[in-house]
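The following exercises concern the protein displayed below. Each task is followed by a solution in steps.

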Amino acid sequence: NDGNGSMTIASRMHNARALLEDPLLNEIFDKQRADAVAGWLATPTSDRDTRDWFWMLIKAQDALKASLQAVVDDGLIAADRLTDTPQP
């Protein structure tokens with residue numbers, strides 16, 4: 001944290017990685033996904049609104065995980081650039 005509320009790339013990467021690896025969060029993600037898939041499968045094909053809702057829940061979770069992974073990847077790229085930069 002730089003004092004004005006924003007986080008450094010390294011701290012953002014660390015926090016995102018911790019969330020992606022958190023056992024409780026992953027347990028919750030897995031349960032939500034299983035519940036959404038079960039709900040989607042149990043919904044009649046004629047009920048498109050409900051089926052779409054379950055699909056959107058699954059896609060939203062995927063997007064959240066992808067966003068967290070992007071923060072980790074950005075941090076790794078930035079760290080790699082720092083180590084590849086020739087020092088005077």
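A residue is termed buried under 20% relative accessible area, exposed over 50%, and partly exposed in between (1.4 Å probe, protein chains only). The model is predicted: local features need pLDDT of at least 70, side-chain atom pairs count only at pLDDT 80 or more, and totals for chains, interfaces and linings use all residues. Residues are numbered from 1 along each chain as its sequence is written, and side-chain values use heavy atoms, with hydrogens and water left out.

**Exercise 1.** State what percentage of the residues of the protein is buried.

Solution. The protein has 88 residues. Of these, 17% count as buried.

**Exercise 2.** Determine which helix has the highest mean pLDDT and which the lowest.

Solution. The pLDDT is the predictor's confidence in each residue, from 0 to 100. For the protein its mean is 89, and 89% of the residues reach 70 or more. Helices are DSSP runs (H or I, at least four residues), numbered from the N terminus; the protein has 3 helices and 0 strands. Helix H2 (residues 23-42) has the highest mean, 97, and helix H3 (residues 48-84) the lowest, 92.

**Exercise 3.** Classify the crossing of H1 and H2.

Solution. Axes are lines fitted to C-alpha atoms, for helices over the stretch in contact, and angles run from 0 to 180 degrees between N-to-C directions. The axes of H1 (residues 9-21) and H2 come within 5 Å and cross at roughly 55°. Angles under 35 degrees count as roughly parallel, over 145 as roughly antiparallel, 65 to 115 as roughly perpendicular and the rest as oblique. H1 is therefore oblique to H2.

**Exercise 4.** Identify the residues that H1 and H2 bring together.

Solution. Contact means heavy atoms within 4.5 Å. From H1, Leu-19, Leu-20 and Glu-21 meet Pro-23, Leu-25 and Asn-26 of H2.

Conventions
Helix = DSSP H or I, 4+ residues; strand = E, 2+ residues; numbered from the N terminus.
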